[in-house]
Every structure is written in structure tokens, then in C-alpha cells.
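Subject: Structure for you to look at

Hello,

Here is the structure I promised to pass on. Please open it first, and then read my notes below with the model beside you.

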Amino acid sequence: MLRVGLTGGLGSGKSTVAGMFQELGAAVFSADEIGRELMEPRTAVFAAIVQVFGAGVLGADGRLDRKELARLAFEDGRVEELNAIVHPATIARQEELVRESGAAVVVVESALIFETLHGGDWRGRFDRMVLVAAPDAVKVERFVTRSGGGDGEGLRAEARRRLGRMIPDTVKRGECDFVIENGGTVEELRGEVAKVWRALVGGGVE
């Protein structure tokens with residue numbers, strides 16, 4: 001089994017790349033999706049979040065109000081508190097799913113692989129690391145579009161704030177086996193992904 005970490009900043013297009021790898025035959029797991037499942041009511045993560053952040057993060061339906069939680073995390077500077085609750089459980093679940101998959105190539109998509117290492121080495125979790133990179137200006141506009149484009153300037157400020165909390169691509173590039181540039185068309189991206197896939201399954205680096 002080849003374990004591949006797929007990372008990239010907000011708006012980089014890593015989810016699109018993950019889908020392309022899945023089409024090529026990889027088993028793909030999303031850290032965001034796993035995290036969302038672990039944050040549902042009656043889970044240990046849910047209980048810990050409510051205990052730390054208070055009942056104000058609960059919506060009328062008894063589930064977490066994700067917008068309010070994001071506001072507390074990013075605007076009030078409490079993102080490390082949230083990450084300390086969610087990340088260990090998410091990583092443990094990722095590793096469990098990877099073991100159970102039985103696939104020849106497993107891709108774990110996560111924006112914060114390097115940020116969750118805290119000075120550690122990713123090689124304990126992955127055999128190869130792939131970075132999806134794009135200019136920050138492109139990432140910001142993708143975030144605005146994905147968010148519905150309402151308050152454009154407010155969303156741009158939010159995107160820049162979130163990107164500022166991530167390790168920049170300039171640092172990640174030197175740590176990764178492959179870098180997929182995603183500043184062009186979908187077809188260009190598909191070609192880049194296919195090239196990396198051939199290198200992964202062939203065991204080499206193109």
C-alpha cells in the first residue's frame with residue numbers, strides 16, 4: 001500500500017485533485033469530511049468542543065453552528081484550541097480508514113498536514129507527499145466564489161486571514177515529493193495529476 005498525503009492551502013483546488021486521483025484508481029479520504037463526521041452530536045469531539053467553547057456554538061437543531069465556531073476560531077484567535085480537539089481524533093480516524101481500505105494507493109486529502117505535525121515528520125504517516133499550489137490571489141478569489149460571493153471584500157479579508165495562519169507554499173514545496181500547479185485550466189490540471197499518478201504507481205519521480 002502506498003500512502004499519499006495530498007495538501008494545499010485554502011482555495012488551492014486540492015479537493016478537485018483528490019477527485020481526479022480517485023478517478024485514476026486511488027482510495028481517497030478527506031480530512032474535512034472525517035472531521036465533520038466526528039463533530040456530529042453524541043461524539044466525544046462534539047462534547048469536547050461544547051465544553052471548551054460553550055453552548056453558544058450550538059444551533060437550534062442541537063448541532064454545532066459551524067459559522068459561529070469558525071468565527072470564534074479564526075476571528076477570536078482560538079483556532080489552536082479547536083485544532084487541539086479535532087485534529088488528533090481526525091488523524092486517528094484517517095489512519096484507521098487507510099488500514100481498512102486495502103487499496104494499492106490511498107490518498108488522504110488535508111489542508112493542514114504540515115500544520116498538525118508540530119515539528120514532526122510526515123513520513124511516519126505517509127510514503128509520498130503531494131502539494132497542490134496556486135497563487136494566493138487565485139486562492140482568495142476561489143474562496144470568494146465558493147462562499148457565494150456575497151460580501152466580496154469581507155470574504156477576501158477572511159481568506160487572507162486564513163491563509164496567513166497556514167504554512168506558505170514556498171515552505172511546503174521543499175518538503176513535498178510532488179507539486180501540482182493549479183493556476184490554469186481544468187484540463188491542464190488533469191494533465192498534471194496524470195503525470196504525478198504515473199510517477200506514484202511507477203515508484204519514481206518525474
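Is Arg162 buried, partly exposed or exposed? With a relative accessible area of 22%, Arg162 counts as partly exposed. Before I go further, please keep in mind that this is a predicted model.

Arg162 has a partner, Glu158, and the two side chains form a salt bridge with their closest N and O atoms 2.6 Å apart. Both residues belong to helix H7 (residues 152-164), where they sit four residues apart, about one turn of the helix. Glu158 has a relative accessibility of 10% and so counts as buried, the cut-off for that being under 20%. In addition, Glu23, Glu187 and Arg190 are joined into one network by salt bridges that share partners.

More salt bridges

In total, the count comes to 19 salt bridges. One of them links the side chains of Glu40 and Arg66, at 4.0 Å from N to O. Glu40 is in the loop between H2 and helix H3 (44-53), while Arg66 is in helix H4 (residues 66-75), so this pair ties together parts that are 26 residues apart in sequence. Glu40 is partly exposed at 27% relative accessibility, and Arg66 is partly exposed at 35%.

Helix H4 also holds a pair of its own: Glu68 and Arg71 form a salt bridge in which the closest N and O atoms are 2.9 Å apart. These two are three residues apart in helix H4, so about one helical turn separates them. Glu68 is partly exposed, with a relative accessible area of 21%, and Arg71 is partly exposed as well, at 31% relative accessibility.

The sheet and its helices

Next, have a look at the sheet. Five strands make up an open sheet with parallel pairing, in the order E2-E3-E1-E4-E5. At its edges are E2 and strand E5 (178-181), each of which pairs on one side only. On average, neighbouring strands are turned by 20 degrees against each other, direction ignored. Strand E1 (residues 2-7) runs parallel to E3 and is joined to E3 by five bridges. If you want a place to start, Leu6 has Glu109 as its bridge partner in E3.

Two of the helices to look at here are H1 and H9. Helix H1 (residues 14-24) packs on the sheet and touches E1, E2, E3, strand E4 (128-133) and E5, and the direction of H1 makes about 155 degrees with that of E1. Helix H9 (residues 186-202) also packs on the sheet, where H9 touches E1, E3, E4 and E5; its direction makes about 165 degrees with that of E5.

Helix H2

In helix H2 (residues 31-38), the buried residues are Ala31, Ile34 and Gly35. They lie on the same side of H2, because the arc they cover around the axis is only 100 degrees. What do the buried residues of H2 pack against? Their neighbours are strand E2 (27-30), helix H5 (79-101) and strand E3 (105-109). At the start of H2, Ser30 has a side-chain oxygen within 3.3 Å of the backbone nitrogen of Asp32.

Thr7 and Ser12

Finally, two residues that I would like you to see. Thr7 is part of strand E1 and is buried, with 0% relative accessibility. A polar atom of the Thr7 side chain lies 2.8 Å from the backbone oxygen of Ser110, and the Thr7 side chain also reaches the backbone oxygen of Ala111, at 3.3 Å. Leaving out residues up to four places away in sequence, Thr7 touches a number of others, including Lys14, Leu112, Phe114, Met129, Val132 and Lys172.

Ser12 is found in the loop between E1 and H1. Which residues is Ser12 in contact with, leaving aside its neighbours within four places in sequence? They are Val132, Ala134, Lys139, Arg142 and Asn182. Ser12 is buried, at a relative accessible area of 0%. Val132 appears among the contacts of Thr7 and among those of Ser12.

Do write back once you have had a look.

Best wishes

How values were computed: Residues are numbered from 1 along each chain as its sequence is written. This is a predicted model: local features need pLDDT of at least 70, side-chain atom pairs count only at pLDDT 80 or more; totals for chains, interfaces and linings use all residues. Side-chain values use heavy atoms; hydrogens and water are left out. Buried means under 20% relative accessible area, exposed over 50%, partly exposed in between (1.4 Å probe, protein chains only). The arc is that of the directions from the helix axis to the C-beta atoms. Contact means heavy atoms within 4.5 Å. A polar contact is a pair of N or O atoms within 3.5 Å; within protein, one must be able to donate a hydrogen and the other to accept it, and residues adjacent in sequence count only if both atoms are side-chain atoms. Two strands pair if DSSP finds at least two bridges between them. Axes are lines fitted to C-alpha atoms, for helices over the stretch in contact, and angles run from 0 to 180 degrees between N-to-C directions.
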